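Here is a short tour to read with the sequence and the 3D view side by side. We will begin at a ligand and work outward from there.

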Amino acid sequence: MLRIAVPNKGSLSGPAADMLHEAGYRQRRESKELRTVDPTNEVEFFYLRPRDIAIYVSSGRLDIGITGRDLLVDSGANAEEILPLGFARSTFRYATKPGTAAGVADLGGRTVATSYEGIVAKHLADQGVDASVVHLDGAVETAIELGVAEVIADVVETGTSLRNAGLEVIGEPIMKSEAIVIRRTGASADAAEDSAEPKVQQFLRRLQGVLVARTYVMMDYDCRAEHLEQAVAITPGLEGPTISPLHNEGWVAVRAMVPAEDAQRIMDDLYDIGARAILTTAIHACRL
Ligand SMILES: Nc1ncnc2c1ncn2[C@@H]1O[C@H](COP(=O)(O)OP(=O)(O)OP(=O)(O)O)[C@@H](O)[C@H]1O
Ligand SMILES: O=P(O)(O)OC[C@H]1O[C@H](OP(=O)(O)OP(=O)(O)O)[C@H](O)[C@@H]1O
Ligand SMILES: [Mg+2]
């Protein structure tokens with residue numbers, strides 16, 4: 001039975017459960033359940049605090065886990081990223097009251113409040129900046145107003161929390177984060193001896209299938225045979241489009257996967273070269 005750690009709360013938990021559900025795995029029915037077994041797929045899910053997941057996975061007791069890249073780095077645990085999942089995207093940044101500091105180099109001698117001490121202490125050391133770090137559990141934007149720190153380092157998505165606290169970012173982002181699948185460091189290298197390996201690979205293929213189904217649509221259209229090369233250049237597909245003859249002499253039907261975010265532009269480009277009956281349909285699941 002494959003053992004997988006899943007975030008039980010916070011920004012990661014809902015989207016992670018949705019993705020697992022879309023990949024065909026049974027998920028817990030209510031938020032108090034700490035573990036659940038999916039007997040059909042021979043997987044056991046453990047619902048754990050996002051911050052603890054890298055520690056469980058590095059211990060080798062759980063085969064893989066879903067967490068945030070920033071949480072993995074912060075933990076310093078012996079685990080590595082094996083698949084980015086594209087949700088819970090954020091940056092990790094310093095922020096302060098306007099006029100306090102222009103860049104990271106100005107943080108020497110200051111106090112920085114953060115929930116991510118591991119990331120911040122290492123970044124300051126790498127930059128050669130001697131600042132003290134105060135650990136807070138959350139809502140760190142308030143730390144400056146209440147005089148606990150002069151600077152914060154925190155997760156920024158839309159920037160709304162910073163704006164509401166009257167803070168502005170300083171310097172470049174310390175890192176970019178998103179949800180990721182992690183595995184114990186070196187587990188991939190030991191794969192030949194690991195009986196869980198085929199199940200791990202099947203799990204990753206299923207999640208990749210969900211990612212592709214979310215980011216691509218299927219496009220079908222008809223075009224004149226003499227325009228086919230131009231059309232294929234616009235819709236190259238993943239491995240090459242499917243071309244079928246039409247009953248009308250001199251016309252072909254083309255089918256190719258295209259990135260969903262470009263679909264409208266691609267339809268315009270195809271129309272301009274004379275393609276007609278251009279349709280897009282959602283992909284619900286796929287295995288590449
Ligand atoms: N507003 C946000 N937008 C996108 N990702 C976020 C946001 N807040 C936190 N994250 C990401 O979620 C992960 C942190 O999850 P965690 O559950 O610890 O925090 P949280 O979502 O802030 O929940 P909590 O309310 O328990 O603090 C990190 O990977 C972080 O980058
Ligand atoms: O840039 P934004 O879109 O405002 O998002 C970033 C905020 O979201 C998270 O906070 P959360 O609400 O989880 O509270 P927390 O600080 O207690 O973790 C994060 O810690 C930031 O405060
Ligand atoms: Mg939070």
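## Around ligand 1

In this predicted model, ligand 1 is surrounded by 15 residues, and the closest of them are Gly10, Ser11, Gly68, Ser90 and Glu157. If you sort the shell around ligand 1 by class, you get five nonpolar, six polar and four charged residues.

Which helices should you look at here? Helix 1 and helix 3 (residues 69-75) each supply at least two residues of this shell, and helix 1 gives the largest share, three residues. The shell around ligand 1 also draws on two domains: at least three residues come from domain 1 (2-86 + 179-194), and at least three from domain 2 (90-175).

## Around ligand 2

Now turn to ligand 2. The residues around it are Gly138, Ala139, Glu141, Asp154, Val155, Val156, Glu157, Thr158, Gly159, Thr160 and Ser161. Two elements give two or more residues to this shell, strand 9 (151-156) and helix 6 (160-164). Strand 9 gives the most, with three residues.

By class, the shell around ligand 2 holds three nonpolar, five polar and three charged residues. Glu157 is worth a click in the viewer, as it is listed among the closest residues to ligand 1 and is also one of the residues around ligand 2.

## The nonpolar cores

Which residues touch the most other members of the largest nonpolar core? They are Ala5, Val6, Val57, Val112 and Ile152, in a core of 57 residues. Helix 1 (residues 10-22) makes the largest contribution to this core, with five residues. Domain 1 (2-86 + 179-194) and domain 2 (90-175) each provide at least three of the core's residues.

Val6 is a good place to zoom in. Leaving aside residues up to four places away in sequence, Val6 touches Ala16, Ala17, Leu20, Phe45, Phe46, Tyr47 and Ile66. Another core, of 13 residues, lies apart from the largest one, and its members include Ala231, Ala256, Met257 and Leu270.

## Two positive phi angles

Most residues other than glycine have a negative phi. Glu42 is not a glycine, yet its phi is positive, at about 55°. You will find Glu42 in the loop between strand 2 (35-38) and strand 3 (43-48). Is Glu42 buried or exposed? Glu42 counts as exposed because it has 11 C-beta neighbours inside 10 Å, and the cut-off for exposed is 12 or fewer.

Ala139, which we met in the shell around ligand 2, also has a positive phi, near 45°. Ala139 sits in the loop between strand 8 (132-135) and helix 5 (142-145). With 11 C-beta neighbours inside 10 Å, Ala139 therefore counts as exposed.

## What the UniProt record lists

Two features from an unreviewed UniProt entry can be laid over the model. The record places "domain: ATP phosphoribosyltransferase catalytic" at residues 49-209. Over that stretch, residues 49-209, the chain is 29% helix and 30% strand, with the end C-alpha atoms 26 Å apart.

For "domain: Histidine biosynthesis HisG C-terminal", UniProt lists residues 213-284. How far apart are the end C-alpha atoms of residues 213-284? They are 6 Å apart, and over these residues the chain is 28% helix and 40% strand.

Terms used
Residues numbered from 1 in each chain as written. Chains lettered and ligands numbered in written order. Predicted model: local features only at pLDDT ≥ 70, side-chain atom pairs only at ≥ 80, totals over all residues. UniProt positions renumbered as here; feature names shortened; annotations may be inferred. Helix = DSSP H or I, 4+ residues; strand = E, 2+ residues; numbered from the N terminus. Core = buried A, V, L, I, M, F, W, Y, C linked by C-beta atoms within 7 Å. Buried ≥ 20, exposed ≤ 12 C-beta atoms within 10 Å, placed from the backbone. Domains from an automatic or database assignment. Contact = placed C-beta atoms within 7 Å. Near = placed C-beta within 6 Å. Nonpolar A, V, L, I, M, F, W, Y, C, P; charged D, E, K, R; others polar.
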